[in-house]
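Here are some short exercises for you to work through with the model open in your viewer. Try each task yourself before you read the solution below it.

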Amino acid sequence: MHTILRRLQLSSGLVMLFYIFLHLLNHALGVWSLALAERGLTLAIRLWHSVPGTVLLYGSASLHFALAMRTVYERRLWRMPPTEWIRLWEGFSLPLLLIRHAVATRLATSLYSFDPSYERIVISLIAGGTQGLQLALLAPGWVHGCLGLWLRLRHRPRVYRMKPVLISLFILLPLLSAVGFVQMARTVEMAHAIFPAVDPKLLAHQATLEMWRHDLVVIYLSLIVGAFSAGQLRNRFERRALGKPSS
């Protein structure tokens, strides 16, 4: 059973890491031109907004989160090496950022027919002063996924020999993504003598979308706190049953 769960965790994690990889790659295309990045975004939307893509992505995300909750509940000791703490923190901080992104793009598209494009997204972020948040959006997931994959596969000789290449990819792709996004923002600003207004559809439903974001964040944090608290209670009852003092 443990082996099956580890394989499910790895498989679902790989799907999410591939999603983040494509997202970073799309941003990086902005280094060359906004039009090229838009074409990459169109292909990504066709992939992830299709029925199979949606089921695969959100199914993997739900499965990965459920397995993470199981790990939090079942963990007896929280003494871990720094690498594990970093991976854990990055993994749990990623959804806090992605919830905002998903609500402003995917949910707005599904409920209010918002047509996402890099130009509209850049305009919305600059108007809201959250362009810095966009640059940091995918970093936690990228770090979490790459560390998890490395810890799982580092003992394989072929993977270990590729370590310099993997480190270069690990560092360069997020940097190119950040540069690409900054370049796209400059292109949008230079293309308009007067900076355009945010898409009216987003403005009209901004309060509702903000409520969705708030509720999803509360649910997410409540599930984490609930799993941790239930695990601690279980540990205390087990120690009492064994006659050990609680700590």
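**Exercise 1.** Find which residue meets Arg-70 in a salt bridge, and give the N to O distance.

*Solution.* Step one: apply the criterion, a side-chain nitrogen of Lys or Arg within 4 Å of a carboxyl oxygen of Asp or Glu. Step two: the partner of Arg-70 is Glu-74, with 3.4 Å from N to O. Step three: place the pair in helix α3 (residues 51-74), where the two lie four residues apart, about one turn of the helix. Helices here are DSSP runs of H or I with at least four residues, strands are runs of E with at least two, and both are numbered from the N terminus. Step four: check the exposure, where buried means under 20% relative accessible area, exposed over 50%, and partly exposed in between (1.4 Å probe, protein chains only). Arg-70 is partly exposed at 37%, and Glu-74 is partly exposed at 34%.

Before you go on, note that this is a predicted model: local features need pLDDT of at least 70, side-chain atom pairs count only at pLDDT 80 or more, and totals for chains, interfaces and linings use all residues. Residues are numbered from 1 along each chain as its sequence is written, and side-chain values use heavy atoms, with hydrogens and water left out.

**Exercise 2.** How many salt bridges does a search of the whole structure find? Describe the ones with Glu-210 and Glu-238.

*Solution.* Step one: the search returns three salt bridges. Step two: Glu-210 pairs with Arg-213, their closest N and O atoms being 2.7 Å apart. These two residues are three apart in helix α11 (residues 206-242), so about one helical turn separates them. Step three: Glu-238 meets Arg-234 at 3.8 Å, N to O. Those two are four residues apart in helix α11, so they too are separated by about one helical turn. Step four: Glu-238 is partly exposed at 32%, whereas Arg-234 counts as buried because its relative accessibility is 13%.

**Exercise 3.** Which elements give two or more residues to the largest nonpolar core?

*Solution.* Step one: build cores from buried Ala, Val, Leu, Ile, Met, Phe, Trp, Tyr and Cys residues joined through side-chain atoms within 4.5 Å. Step two: the largest has 14 residues, and those with the most contacts inside it include Tyr-19, Trp-48 and Trp-142. Step three: the contributing elements are α1 (2-29), α2 (34-48), α4 (82-112) and α7 (139-153). The largest share, five residues, comes from α1. Step four: look for a second, separate core; it has eleven residues, among them Met-69, Leu-107, Val-217 and Tyr-220.

**Exercise 4.** Which residues does Trp-142 contact, leaving aside its neighbours within four places in sequence?

*Solution.* Step one: count a contact when heavy atoms are within 4.5 Å. Step two: the list for Trp-142 is Leu-17, Ile-20, Phe-21, Leu-24, Leu-169, Phe-170, Leu-173 and Pro-174.

**Exercise 5.** How many helices and strands does the protein chain have, and what percentage of its residues count as buried?

*Solution.* Step one: the chain has eleven helices and zero strands. Step two: of its 247 residues, 35% count as buried. Step three: for sequence range, take contacts between residues at least 6 apart in sequence; 83% of them join residues at least 24 apart.
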